[in-house]
Amino acid sequence: MNEVRITATASVTGLGPDLDTTWKRLLAGETAIRPIRRFDAGRYPARNASWVGELEPGGDRSLLYPLLERLLDGFGPLPRGCRLVTATTKGCIDILERVRKGLPGDPSGIPVSATLEWLASRLGLDDPGVNISAACASSTIAVGRAAAMIGSGDADAVLVVCMDLLSEFVFSGFSSLQALDPAGCRPFDRHRNGLSLGEGGAALLMMSEETARRKGIPGIGSVVGWGAANDATHVTAPARDGCGLVQAVRRAMARASIGPDEIAAINAHGTGTVYNDAMESTAFGAVFGSRRIPLNSIKGAIGHTLGAAGGIEIAVGLRSLAERTLPPTAGFREPMENCPFSVGPVPQPIAGNYLLCTNSGFGGINAALLLKGDPR
């Protein structure tokens, strides 16, 4: 597969309104998981999440729009003919909540098509766009789709916008599954007891090498391989043997024409649930053997941002390659059982040009991306 350049990134997370702030606070080992103020969480066992402060709704408008305005504020100009791919699992879910509670809210704003239309107008794009909703692997697959569009010559440039809100609708669902850790998530820790939800967004501008070179646009890094596979095992639980994730990672390596020894580090899904982290450890063991490769998860710092997770992690992953540093895994203290990988509560140095990013989700979906750092 031809390399697809990523030429601009932006993110909004509970740690900060921009990627620089999020990166600095990640390196400092900070976490944005704190008591929820968005809604009354007093009736749930877990009452913490990572949320973006000072998001103010305008009348009956969804909080997703001020989040997107913050994300896109200052984002550079887009090439003519740029296509649009979005990733979200629940979009304007807060409007649905308001309507169900009898509060002001416009039901026409609930379908994700309304958000696509707003984005296309806000960005001056002719492309109406397409949304990827593939559970927690949504944005990883969206970036893979954008890379495929560019690699096949179907597009010269694609903007990928990833987003999801913290909502009581989603929070109550995960609480019913007993999947939330009241103490805050602890990825790959022996005492992990569930995930913490988060919210946020990411924007990634992607284009072909030729287009970037012709326009004189410097790259931040490249997508050199991607893969996706479904383990077809359970609605909410992963396959214990990690077969879907193994297949996704091997497909990504095959597209990139590289082997496991060339991958410098892994940005794992790392939700902090017992079964997800065990599945990932098993899958990475099948791919990397006994090699003690550096691995991290940033969900102990920014929470699980669902459809935005992969996009944010790709933006952070590119910074990791540029700085040759893997941020710490917030919440991690004691290694989980049967984990041969190097996970740390402090930043880890990495050597090499390739970073593996993975995400897995309900329905058995697994996705993997291989990022290459800019040699300059």
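**Exercises on a predicted model**

In this predicted model, 10 strands make up an open sheet with mixed pairing, ordered 5-4-6-7-1-8-14-13-9-10. Strand 5 (130-132) and strand 10 (295-296) stand at the edges; each has a single partner strand, so one side of each is left without a neighbour in the sheet.

**Exercise 1.** Work out how strand 13 and strand 14 pair, and over how many bridges.

*Solution.* Start with the sheet order, where 14 and 13 follow one another. The two strands pair in the antiparallel sense, over 8 bridges. One residue pair to look for is Gly361 with its bridge partner in strand 14, Ile365.

**Exercise 2.** Check whether the span of helix 8 agrees or disagrees with the expected value.

*Solution.* Helix 8 covers residues 243-256, which is 14 residues. The expected span is 1.5 Å times one less than that number, so it should be 20 Å. The end C-alpha atoms are 20 Å apart, in agreement. After the helix comes Ser257, with a positive phi near 55°.

**Exercise 3.** Find what covers the buried residues of helix 8.

*Solution.* First pick out the buried residues, among them Leu245, Val249 and Met253. Their cover includes strand 8 (221-230), strand 9 (263-267), helix 9 (274-288), strand 13 (354-361) and strand 14 (365-373). Next, look at direction: helix 8 lies across strands 8, 9, 13 and 14, and runs at about 145° to strand 8.

**Exercise 4.** Decide whether Ser50 is buried or exposed.

*Solution.* Locate Ser50 in strand 3 (residues 48-50). Buried means under 20% relative accessible area; Ser50 has 0% relative accessibility, so it counts as buried. Its contacts include Gly14, Ile33, Leu197 and Ile302.

How values were computed:
Residues numbered from 1 in each chain as written. Predicted model: local features only at pLDDT ≥ 70, side-chain atom pairs only at ≥ 80, totals over all residues. Heavy atoms only, no water. Helix = DSSP H or I, 4+ residues; strand = E, 2+ residues; numbered from the N terminus. Buried < 20%, exposed > 50% of the residue type's maximum accessible area, 1.4 Å probe, protein only. Contact = heavy atoms within 4.5 Å. Pairing = 2+ DSSP bridges. Axes fitted to C-alpha atoms, helices over the stretch in contact; angles between N-to-C directions. Lists of a residue's contacts leave out its neighbours within four places in sequence.
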